[in-house]
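Me: I would like to go through this model with a few questions, taking a side chain before the chain as a whole.

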Amino acid sequence: MIPFIRNENMKIYKRTRTWVMAAVLLLYVLLQIINSRTAGSDTANGNWRATLEQENVQSQMEAAKPDALNIEIRQAEKHMLLNQYYLDKNTPPSYLVFCCLQQLYWHRFCWGALFSGSAD
């Protein structure tokens, strides 16, 4: 049984597409590492409070537009709430965690709207 497994394994690694896939995967991982290292550069210089306050003002202006959709208003409110939390706690946000939380919220909203039939 072992020679058969070894033979199949050799056939897999002999193919060029296996090595191309491994190279693409490695490149993706390296790019994500570089992205995560450079994503927090804005918080390192101490300018994070001004950035969050500016984002809150921009979100308020977007939510106040007369043609804003309900989903845009709710998204702006969530964004302002999270920014205000960081400002109240005097903690610089981790943009990697912030982006992940936004993505999770967005996916939960989309799937919830899809299955409940409510599209605001």
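Me: Does Glu8 count as buried, partly exposed or exposed?

Reply: This is a predicted model, so what follows is computed from predicted coordinates. Buried requires under 20% relative accessible area and exposed requires over 50%. Because the relative accessibility of Glu8 is 42%, the residue counts as partly exposed.

Me: Which residue forms a salt bridge with Glu8, and what is the distance between the closest N and O atoms?

Reply: The structure holds 1 salt bridge, and the cut-off for such a pair is a nitrogen within 4 Å of a carboxyl oxygen. Glu8 has its partner in helix H1, which spans residues 2-14, and the two are 3 residues apart, about one turn of the helix. The partner has 39% relative accessibility and therefore counts as partly exposed. The residue is Lys11, and the closest N and O atoms are 3.1 Å apart.

Me: Which pattern does the chain follow when read along the sequence?

Reply: The chain has 6 helices and 0 strands, and one of these helices is H1, where both Glu8 and Lys11 lie. Read along the sequence, the pattern is α-α-α-α-α-α.

Me: What percentage of the chain's residues count as buried?

Reply: The chain exposes about 9700 Å², of which carbon and sulfur atoms supply 63%. Among contacts between residues at least 6 apart in sequence, 66% join residues at least 24 apart. Of the 120 residues in the chain, the share that counts as buried is 18%.

Notes
Residues numbered from 1 in each chain as written. Predicted model: local features only at pLDDT ≥ 70, side-chain atom pairs only at ≥ 80, totals over all residues. Heavy atoms only, no water. Helix = DSSP H or I, 4+ residues; strand = E, 2+ residues; numbered from the N terminus. Buried < 20%, exposed > 50% of the residue type's maximum accessible area, 1.4 Å probe, protein only. Contact = heavy atoms within 4.5 Å. Areas by Shrake-Rupley, 256 points an atom, 1.4 Å probe, with all protein chains shown as cover. Salt bridge = Lys/Arg side-chain N within 4 Å of Asp/Glu carboxyl O.
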